Amino acid sequence: MLTSVQKEILQTLINLYQSSDGKSIKGEDIAEVMGRNPGTIRNQMQSLRSLGLVKGVPGPRGGYKPTIEAYHSLNISVSDDDSKVPIYKNGKRIEDISVARIEFTSVPQPGECEAAIKVLGSIKDLNLGDTVSIGPTPVNNLGIMGTIVGRDDMDNILLVDTKTIRSIPKQSVGDIASRDVISFSMDCSVKDASKKLAENDIDGAPVIKDGKVVGVFTLTDLVRAIAEDKENLTVGELMSTNVVIVNEDLKIANAIEVMLKKSISRLIVADHNQALLGIVTRTDLINTITNLDQFPIITN
């Protein structure tokens, strides 16, 4: 049975190791985070090593690393980068931390309950009263939004008063993509492009060359062309090449994350030869995920 000090040391070691890219953690770093004497940490590490929870790494760059048993002893699942569950505060993702476990502690009424969130990584930047969004989770695409009402630094747990709980549909972008897509040729004039955008009430469309998607021309590109007296140029000369092309099998949850990371509002759906199949916009995703338009994962 671990003592409270040993649990705190082990949790701190795991937190630091989580953001170290696999590097060993020095006892002094653990002591600094915990506000304890380095000698105390070294003494406790001997016990943790004998329990098989910590392994020592010799050398000038040495230190300590948690073992698989360390994660199990704190009831933390070990997962790869692709299955990390993100946390957002005020619409911005908090780096170097992820959710290890979600437990609903009470369910007084649907959609309003408390959730105990076990966090892997430092929770020092998460305070009482902060609005957070969590998810989506890798298996059931669960998303949670709520307010932090409690924090347990010893066990790295946040108590969240949930306001919204939704499960993102397991559909793919191919299921919701618009198939009748307006597109431009490379030699399309600015005037013709502006007429096409206005007539179809859209703010952008892909540019096609030899049957393949090579860019996108948007209202922003149009306004910039007018402002810079470049109306005589073609769409191919003015288009943006910041176009993200995805396979139609991409899941909606993954599409949301791609849009966030790339800071874009549309995804071009194409086959392996980059032949246009359809387009998915941020609005399409919001309409698919009912009442999830408050989540930061779809606001960028």
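**Leu285 and its surroundings**

I started at Leu285 and listed what it touches: leaving out residues up to four places away in sequence, I get Ile176, Ile252, Ile256, Met259 and Val280. A reminder to myself before going on: this is a predicted model.

Leu285 sits in helix α10. Is it buried or exposed? Its relative accessibility is 1%, and the cut-off for buried is under 20%, so I put Leu285 down as buried. I also checked the spacing to one of its contacts, Ile176: the two are 109 residues apart in sequence, yet their C-alpha atoms are 8.1 Å apart in space.

**Helix α9**

Ile252, Ile256 and Met259 sent me to α9, which spans residues 252–262. Which of its residues are buried? I noted Ile252, Ala253, Ala255, Ile256, Met259 and Leu260. They cover an arc of only 160° around the axis, so they lie on the same side of α9. That fits the usual helix geometry: with 3.6 residues a turn, residues three or four places apart point the same way.

Next I asked what this buried set of α9 packs against. My list is β3 (87–89), α5 (173–176), β14 (266–270), β15 (276–281) and α10 (282–288). I also looked at how the helix is laid down: α9 lies across β14 and β15, and runs at about 125° to β14. Just after the helix comes Ser263, with a positive phi near 55°.

**The sheet under α9**

I followed β14 and β15 into their sheet. It is an open sheet of 3 strands, ordered β13-β14-β15, with mixed pairing. Which strands stand at the edges? They are β13 (245–246) and β15; each has a single partner strand, so one side of each is left without a neighbour in the sheet. β13 and β14 run parallel and are joined by 2 bridges. I picked out one pairing there: Ile245 has Ile268 in β14 as its bridge partner.

The loop between β14 and β15 holds Gln274. Its phi is positive, about 65°, although it is not a glycine. I flagged it because most residues other than glycine have a negative phi. With a relative accessible area of 35%, Gln274 is partly exposed.

**The other mixed sheet**

I then looked at β10-β11-β12, an open sheet of 3 strands in that order, again with mixed pairing. β10 (184–185) and β12 (212–218) are the edge strands; each has a single partner, so one side of each lacks a neighbour in the sheet. β10 runs parallel to β11, with 2 bridges between them. In β11, Ile208 is the bridge partner of Ser185.

While there I checked the loop between α6 (190–199) and β11 (204–209), where Asp201 lies. Asp201 has a positive phi near 50° and is not a glycine. Is this residue buried or exposed? Its relative accessible area is 72%, so Asp201 goes down as exposed.

**The nonpolar cores**

Back to the N-terminal helices. How many residues make up the largest nonpolar core? I have 20, and those with the most contacts inside it are Ile9, Leu10, Ile30, Met45 and Leu48. α1, α2 (27–34), α3 (38–50) and α4 (68–73) each supply at least two of its residues. The largest share, 5 residues, comes from α1. I also found a second, separate core of 17 residues, with Ile117, Leu126, Ile134 and Val160 among them.

I went through the contacts of Leu48, setting aside neighbours within four places in sequence: Leu2, Gln6, Ile9, Leu10, Leu53 and Val54.

Thr12 caught my eye in helix α1 (residues 4–18). At 9% relative accessibility, Thr12 counts as buried. Beyond residues up to four places away in sequence, Thr12 touches Ile30, Val33 and Met34.

**The β1–β2 hairpin**

Last entry. Strands β1 (residues 54–57) and β2 (residues 63–66) run antiparallel and are joined by 4 bridges. Which residue of β2 is the bridge partner of Val57? I looked it up: Gly63. The two strands form a hairpin with 5 residues between them. In the turn, Gly59 has a positive phi of about 100°.

Technical notes:
Residues are numbered from 1 along each chain as its sequence is written. This is a predicted model: local features need pLDDT of at least 70, side-chain atom pairs count only at pLDDT 80 or more; totals for chains, interfaces and linings use all residues. Side-chain values use heavy atoms; hydrogens and water are left out. Two strands pair if DSSP finds at least two bridges between them. Buried means under 20% relative accessible area, exposed over 50%, partly exposed in between (1.4 Å probe, protein chains only). The arc is that of the directions from the helix axis to the C-beta atoms. Contact means heavy atoms within 4.5 Å. A nonpolar core is a set of buried Ala, Val, Leu, Ile, Met, Phe, Trp, Tyr and Cys residues joined through side-chain atoms within 4.5 Å. Axes are lines fitted to C-alpha atoms, for helices over the stretch in contact, and angles run from 0 to 180 degrees between N-to-C directions.
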